[in-house]
Amino acid sequence: MTTVLKLGGSVITEKDRPETLDGETLAALAAAVAAADVDDLVIVHGGGSFGHHHAAEHGVSTTEGIHDVRGVMDVHGAMTTLNRFVLSRLHAEDVPAVPVHPFSTAKRDADGELTLMTEQVATMVDEGFVPVLHGDGVVHAGEGVTVLSGDELVTELATALDADRVGLCSTVPGVLDDDDAVIPHIDDFDAVADVLGVSDATDVTGGMAAKVRELLALGSPAYVFGPEAVAGFLAGDDVGTRIG
Ligand SMILES: Nc1ncnc2c1ncn2[C@@H]1O[C@H](COP(=O)(O)OP(=O)(O)OP(=O)(O)O)[C@@H](O)[C@H]1O
Ligand SMILES: C=C(C)CCOP(=O)(O)O
């Protein structure tokens, strides 16, 4: 049984303060992962105040690229720094986490179509490791480098690894309706499009609307939930909002 879990950047960082970790929440999430009885786990984390801040500063998005290597390294460097923090908190809980940097293992063609190497991720899992990928820059034909979101990585990995469970842990307890109540199930984008917004913080990859769109395209159910529900998700419970 393969599980893909994304730790939202807005959960593990202070999203409105550049390059600031939310160490307490990250440590709690690492403890929940360590305590879970999950065979095959792949973790992806988002950018939060590490990636999005630099991406916005350099004017790079998922479709608008840059060739300036300093900008590329600002975005990629901030994300590898955040990845180090995530790995070290997981190691502190004895989770056998290993890094995978998508900048070196992915590309987009001129139509924006993503190709991501996943065979090494599958082998890491087979050998008992927990690969930890992250939102990153990605080389993009005709654009230089664009942004690759953790949400897009989640859907690519879930498909390639034939994942049984997919979860996105964000700051919210699920996708919320107009009255801020959790919507238990979404299977149609248009039915909820009016309540889906962008992120409250600096975010170049589209906030909740982009997440729901990505997850609906997956073809198998996925969950959006808050940090308090990670243990329940890993235990196989129906948590937050089920999408698809
Ligand atoms: N209908 C909605 N329900 C829930 N959250 C919503 C809704 N509309 C907009 N949002 C916003 O979407 C945010 C989640 O998206 P965001 O991209 O910030 O999350 P993340 O994946 O945790 O972070 P990152 O993109 O840095 O990895 C919420 O914090 C909230 O501000
Ligand atoms: C901004 C960068 C580099 C990563 C974006 O990943 P996300 O936070 O999962 O959308």
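**Close-up views of a predicted model**

**View 1. Strand β1, wrapped up on both sides.** Six of the six residues of strand β1 (residues 2–7) are buried, so the strand is largely enclosed by the rest of the structure. This is a predicted model, and that goes for every view below. Look at the two faces of β1 in turn: Thr-2, Val-4 and Lys-6 sit on one side, Thr-3, Leu-5 and Leu-7 on the other, and all of them are buried. Lys-6 is worth keeping in mind, since its side chain comes back in both ligand views: it has a polar atom 2.9 Å from an oxygen atom of ligand 1, and an N or O atom 2.9 Å from an oxygen atom of ligand 2.

**View 2. The neighbours of β1 in the sheet.** On to the strands that pair with β1. Strand β2 (residues 40–45) runs parallel to β1, and six bridges link the two. To find your way along that pairing, look for Thr-3, which stands opposite Leu-41 in β2. β1 also pairs with strand β9 (residues 165–169), again in the parallel sense, through five bridges. Here the pair to look for is Leu-7 with its bridge partner in β9, Cys-169.

**View 3. The whole sheet, from one edge to the other.** Zoom out a little and you get an open sheet of eight strands with mixed pairing, in the order β3-β6-β2-β1-β9-β11-β12-β10. β3 (97–99) and β10 (185–186) stand at the edges with a single partner strand each, so one side of each has no neighbour in the sheet. For an antiparallel stretch, go to strand β11 (residues 222–225) and strand β12 (residues 241–243), which pair over three bridges. Ala-222 has Ile-243 of β12 as its bridge partner.

**View 4. Ligand 1 and its shell.** Ligand 1 has 25 residues around it, the closest being Gly-9, Ser-10, Val-195, Asp-203 and Lys-211. Two backbone contacts stand out for a close look. A backbone N or O atom of Gly-9 lies 2.7 Å from an oxygen atom of the ligand, while a polar backbone atom of Leu-176 is 2.8 Å from a nitrogen atom of ligand 1. On its own, ligand 1 exposes 640 Å², and the protein buries 92% of that. Which elements give two or more residues to the shell around ligand 1? They are α1 (9–12), α3 (48–58) and α8 (207–216), and α8 gives the most, with three residues. Sorted by class, the shell around ligand 1 comes to seven nonpolar, 13 polar and five charged residues.

**View 5. Ligand 2 and its shell.** Ligand 2 is surrounded by 14 residues, with Lys-6, Gly-47, His-52, Gly-150 and Thr-205 the closest. The backbone does its share here too: a polar backbone atom of Gly-47 is 2.7 Å from an oxygen atom of ligand 2, and a polar backbone atom of Gly-150 is also 2.7 Å from an oxygen atom of the ligand. How much of the 320 Å² of accessible area that ligand 2 has on its own does the protein cover? The answer is 98%. α3, α4 (69–92) and α6 are the elements that give two or more residues to this shell. By class, the shell around ligand 2 holds three nonpolar, eight polar and three charged residues.

**View 6. Helix α3 and what covers it.** The buried residues of α3 are Gly-48, Ser-49, Phe-50, Gly-51, His-52, His-54 and Ala-55. Their cover includes α1, α4 and β8 (144–148). Follow the chain just past α3 and you meet Gly-59, with a positive phi of about 65°.

**View 7. Thr-20, in a loop that touches α3.** Thr-20 lies in the loop between α1 and α2 (23–35). Why does Thr-20 count as buried? Its relative accessible area is 19%, and buried means under 20%, so Thr-20 falls within that cut-off. Leaving aside residues up to four places away in sequence, Thr-20 touches Thr-13, Glu-14, Ser-49 and Phe-50.

**View 8. Helix α6, mostly covered.** Eight of the 11 residues of helix α6 (residues 150–160) are buried. The buried ones are Gly-150, Asp-151, Glu-152, Leu-153, Val-154, Thr-155, Leu-157 and Ala-158. After α6 comes Asp-162, whose phi is positive, near 55°.

Terms used: Residues numbered from 1 in each chain as written. Chains lettered and ligands numbered in written order. Predicted model: local features only at pLDDT ≥ 70, side-chain atom pairs only at ≥ 80, totals over all residues. Heavy atoms only, no water. Near = heavy atom within 4 Å. Polar contact = N/O pair within 3.5 Å; in protein donor to acceptor, adjacent residues only side chain to side chain. Areas by Shrake-Rupley, 256 points an atom, 1.4 Å probe, with all protein chains shown as cover. Helix = DSSP H or I, 4+ residues; strand = E, 2+ residues; numbered from the N terminus. Nonpolar A, V, L, I, M, F, W, Y, C, P; charged D, E, K, R; others polar. Buried < 20%, exposed > 50% of the residue type's maximum accessible area, 1.4 Å probe, protein only. Contact = heavy atoms within 4.5 Å. Pairing = 2+ DSSP bridges.
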